[in-house]
Amino acid sequence: MRPVSKGKSPINGEFNQYQDAKTELVSRLGGYCSYCERKVVTLLAVEHIEPKDLKSDLEKSWDNFLLACANCNSCKSKKPVELKEVLLPDRDNTYAAFTYQDDGEVKPSEHITQVQKQLALKTLSLVGLDKPIQEFKDSNDQLVSLDRTSQRKEVIGEAQVALELLARNANADMMTAIVYMAKNSGYFSIWMKVFNEHPEMKLRFIEVFKGTKNSGCFDLNNAEPITPAPNPDNLEHGGKV
C-alpha cells in the first residue's frame with residue numbers, strides 16, 4: 001500500500017460537493033486506488049476514509065479523502081473506521097507495513113510489531129485485500145485475471161520480466177522504459193519489491209508515483225523506508241508505522 005501525502009486542502013473550508021475534490025486528488029496522488037494500488041482509468045472514486053453516512057460532518061472534508069477503485073470502495077462500504085485502529089496511506093508508512101507474495105497475497109510485514117500487525121490485518125480486512133485468489137478461465141481454457149489478487153500476481157510476473165530485461169541491458173533507456181511500465185500499471189509496492197536490490201530503480205519509482213516522495217516515508221539517498229511515518233500533513237492518528 002503506497003504511502004502518500006496529499007498536502008493541504010486546495011480551498012479554505014469544505015468543498016461544495018465531495019466529488020469536486022477528485023481533480024485535485026488525482027493531480028496530487030495519480031490515478032491509482034489508494035488501497036489496492038492498481039491504476040484506475042474509469043470509476044475511480046473520491047473515497048471517504050471515515051464513511052460519510054456515519055460521519056456526515058466529514059463528507060466534504062479534504063482530510064477525510066483518498067481515492068479508491070470500485071472493489072475497495074465496495075468492500076469498505078459503510079464499515080465504521082477508527083483511525084487509530086487501521087493503517088492509512090496518507091498518514092502511516094503503509095509500504096513498510098505490508099509485504100506482497102509472489103502468489104499475489106498481501107500480508108503484514110515481518111518487520112513490524114505484533115500490535116502493528118493487528119492494525120495491518122484490520123486494514124486488509126477493511127478493504128477486502130485479504131480475499132483469496134479466484135481462478136477464472138475463458139472458452140480457450142486461458143486464465144483471466146479478474147479479482148484483485150490475480151491482478152497483483154499478473155503484475156508481479158510483468159515486473160519480474162522487466163527485472164530480467166534490466167539484468168541483460170542495464171542502461172538509462174531501459175530504466176526509463178521500466179519506470180514507464182510501472183507508472184502505467186500501478187502497483188507501486190510490487191515494483192518496489194521486485195526491484196528491491198536496485199535502489200536506483202526504487203528511487204525512480206518513488207519519484208514518478210505522485211505523492212509518494214512528499215510522504216517522507218523513504219530515504220531519498222537509498223530508497224529505504226522511514227518509520228514511523230513523519231506524517232507531514234499532520235493528520236490525526238498518523239505515524240503508527
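Here are some worked exercises on the predicted model shown above.

**Exercise 1. The core**

Find which residues have the most contacts inside the largest nonpolar core, then list the partners of F205.

*Solution.* Start with the core as a whole: the largest one has 66 residues. Within this core, the residues with the most contacts are Y35, I178, W191, F195 and F205. Now pick out F205 and set aside its neighbours within four places in sequence. What remains in contact with F205 is I178, V179, A182, F188, W191, M192 and F195.

**Exercise 2. A residue in helix 8**

Decide whether V208 is buried, partly exposed or exposed, and describe its surroundings.

*Solution.* First place the residue: V208 belongs to helix 8, which covers residues 199–208. Next, look at its relative accessible area, which is 22%. Buried would require under 20% and exposed over 50%, so V208 is partly exposed. Then turn to its contacts: beyond the neighbours within four places in sequence, V208 touches V179 and K183. Finally, compare sequence with space: V208 and F188 are 20 residues apart along the chain, with their C-alpha atoms 9.8 Å apart.

**Exercise 3. Two ring pairs that share F218**

Classify the pairs Y95–F218 and F188–F218 as stacked, tilted or edge-to-face.

*Solution.* It helps to recall that a pair of aromatic rings is described by the distance of the centres and the angle of the planes. The structure holds 10 aromatic pairs. In one of them, the ring centres of Y95 and F218 are 5.2 Å apart and the planes stand at 55 degrees, so this pair is tilted. The pair links distant parts of the chain, with Y95 in helix 3 (residues 94–97) and F218 in the segment after helix 8, 123 residues apart. Check burial as well: Y95 counts as buried because its relative accessibility is 14%, and F218 is buried with a relative accessible area of 5%.

Now take the second pair. The rings of F188 and F218 have centres 5.9 Å apart and planes at 70 degrees, so they are edge-to-face. This pair, too, links distant parts of the chain: F188 sits in helix 7 (residues 188–194), 30 residues from F218. Both F188 and F218 are buried. To finish, put the rings together: Y32, Y95, F188, F209 and F218 form one aromatic cluster.

**Exercise 4. The cysteines**

Work out how many disulfides the structure holds, and check C72 and C217.

*Solution.* The total is zero disulfides. For C72, the nearest cysteine sulfur belongs to C33 and is 3.7 Å away. A disulfide needs sulfur atoms within 2.5 Å, so a pair at that distance does not qualify. C72 has 0% relative accessibility and therefore counts as buried. For C217, the nearest cysteine sulfur is again that of C33, 18 Å away, and C217 is in no disulfide. C217 is buried, with a relative accessible area of 2%.

**Exercise 5. Pocket and cavities**

Give the volumes of the largest pocket and the largest cavity, and say which residues line them.

*Solution.* Begin with the largest pocket, whose volume is about 430 Å³. Its lining has 22 residues, with Y95, A96, F98, S109 and H111 nearest the centre. Helix 3, strand 3 (98–100) and helix 7 are the elements that give two or more residues to this lining. Next come the cavities: the structure holds two of 30 Å³ or more. The largest cavity has a volume of about 60 Å³. Its lining is made up of R2, V4, L29, Y32, C33, S34, Y35, E37 and P89.

Methods. Residues are numbered from 1 along each chain as its sequence is written. This is a predicted model: local features need pLDDT of at least 70, side-chain atom pairs count only at pLDDT 80 or more; totals for chains, interfaces and linings use all residues. Side-chain values use heavy atoms; hydrogens and water are left out. A nonpolar core is a set of buried Ala, Val, Leu, Ile, Met, Phe, Trp, Tyr and Cys residues joined through side-chain atoms within 4.5 Å. Buried means under 20% relative accessible area, exposed over 50%, partly exposed in between (1.4 Å probe, protein chains only). Contact means heavy atoms within 4.5 Å. Helices (H or I, at least four residues) and strands (E, at least two) are DSSP runs, numbered from the N terminus. Rings of Phe, Tyr and Trp (its six-membered ring) pair if their centres lie within 6.5 Å; planes under 30 degrees apart count as stacked, over 60 as edge-to-face and the rest as tilted. On a 1 Å grid over the protein atoms alone, a cavity is a set of points where a 1.4 Å probe fits but cannot get out, and a pocket is an open set with protein on both sides within 12 Å along at least five of seven lines; lining residues have an atom within 4 Å of a point. Grid points are joined across faces, edges and corners, and a volume is the space filled by probe spheres set on the points.
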